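User: I should like to discuss how the labels attached to this model are justified. Please take each assignment in turn and set the value against its criterion.

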Amino acid sequence: GGRATLSGSVVVAFDGGTPVDGSRYRIVGATSIDGAFAGVKLPDGVSGRLVDDADGVWLEIGSEGADRIFADGFDDAPPAGAGATPR
C-alpha cells in the first residue's frame with residue numbers, strides 16, 4: 001500500500017528461467033501512483049507489458065509483442081480476464 005512515485009526504467013531478469021505466457025509479477029505495490037516508468041527491458045525472447053490496478057504495477061507476460069509505454073506510463077486495456085484496470 002501507500003504512495004509510489006515512478007521514474008526510470010524497469011529491467012527484468014528471470015535468473016535463467018523462462019516465464020510462462022500469462023504470468024503476472026508485481027513490480028510495485030502501492031495504492032496511489034505518481035509518475036511513469038520510461039520503459040521496460042525484458043530478456044530476449046520475452047514480451048510483456050506494464051499494467052496497474054488498485055494494488056500497484058504489474059508486469060504481465062504475453063505474446064502480444066513488445067511493451068509499449070504510453071504518455072500516462074501504462075499500457076492500454078489489459079487482455080480480457082487479466083483482472084487489471086489500466087490507468
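User: How many bridges join strand β3 to β7, and what makes these two strands a pair?

Analyst: In this predicted model, five bridges connect strand β3 (residues 24-29) with β7, and the two run antiparallel. Pairing requires at least two bridges, so β3 and β7 qualify as paired strands. Within this pair, Arg-26 has Trp-58 of β7 as its bridge partner.

User: How do you know that strand β6 pairs with β7, and in which sense?

Analyst: Strand β6 (residues 48-53) shares six bridges with β7, in the antiparallel sense. The criterion is at least two bridges, and therefore β6 and β7 also count as a pair. Asp-53 stands opposite Gly-56 of β7, while Gly-48 stands opposite Ile-61 of β7. The connection from β6 to β7 is a hairpin of two residues.

User: What is the strand order of the open sheet, and why are some of its members called edge strands?

Analyst: The open sheet has three strands in the order β3-β7-β6, with antiparallel pairing. Strands β3 and β6 each pair on one side only, and they are accordingly the edge strands. From one strand to the next the twist averages 25 degrees.

User: Where does this sheet sit in the overall make-up of the chain?

Analyst: The chain contains seven strands and zero helices. From the N terminus on, its elements run β-β-β-β-β-β-β. Of the 87 residues in the chain, buried residues make up 40%.

User: Why is Glu-60 called buried?

Analyst: Glu-60 lies in strand β7. Its relative accessibility is 6%, and the limit for buried is under 20%; Glu-60 is therefore classed as buried. The strand around Glu-60 is mostly covered, as six of the six residues of β7 (residues 56-61) are buried.

User: Why is Ile-27 called partly exposed?

Analyst: Ile-27 is located in strand β3 and has a relative accessible area of 30%. Buried would require under 20% and exposed over 50%, so Ile-27 falls in between and is partly exposed. The C-alpha atoms of Ile-27 and Leu-50 are separated by 8.7 Å, although these residues are 23 residues apart along the chain.

User: What makes the approach of Glu-60 to Arg-24 a polar contact?

Analyst: The side chains of Glu-60 and Arg-24 meet at 3.4 Å. The cut-off for a pair of N or O atoms is within 3.5 Å, so the distance satisfies the criterion.

User: How do you know that the charge of Arg-24 sits over the ring of Trp-58?

Analyst: The charged end of Arg-24 is 4.3 Å from the centre of the Trp-58 ring. The distance limit is within 6 Å, and the charge must also be within 35 degrees of the ring normal. The value of 4.3 Å meets the distance condition, and the charged end is assigned as sitting over the ring. As to pairs of aromatic rings, a search of the whole structure finds one.

User: Which residues touch the most other members of the largest nonpolar core, and what does β7 supply?

Analyst: The largest nonpolar core has 15 residues, of which Leu-6, Val-28, Phe-37, Val-57 and Leu-59 touch the most other members. Strands β1 (3-6) and β7 each supply at least two residues of this core. The largest share, three residues, comes from β7. In soluble globular proteins, nonpolar side chains tend to be buried together.

Technical notes
Residues are numbered from 1 along each chain as its sequence is written. This is a predicted model: local features need pLDDT of at least 70, side-chain atom pairs count only at pLDDT 80 or more; totals for chains, interfaces and linings use all residues. Side-chain values use heavy atoms; hydrogens and water are left out. Buried means under 20% relative accessible area, exposed over 50%, partly exposed in between (1.4 Å probe, protein chains only). Helices (H or I, at least four residues) and strands (E, at least two) are DSSP runs, numbered from the N terminus. A polar contact is a pair of N or O atoms within 3.5 Å; within protein, one must be able to donate a hydrogen and the other to accept it, and residues adjacent in sequence count only if both atoms are side-chain atoms. Rings of Phe, Tyr and Trp (its six-membered ring) pair if their centres lie within 6.5 Å; planes under 30 degrees apart count as stacked, over 60 as edge-to-face and the rest as tilted. Axes are lines fitted to C-alpha atoms, for helices over the stretch in contact, and angles run from 0 to 180 degrees between N-to-C directions. A nonpolar core is a set of buried Ala, Val, Leu, Ile, Met, Phe, Trp, Tyr and Cys residues joined through side-chain atoms within 4.5 Å.
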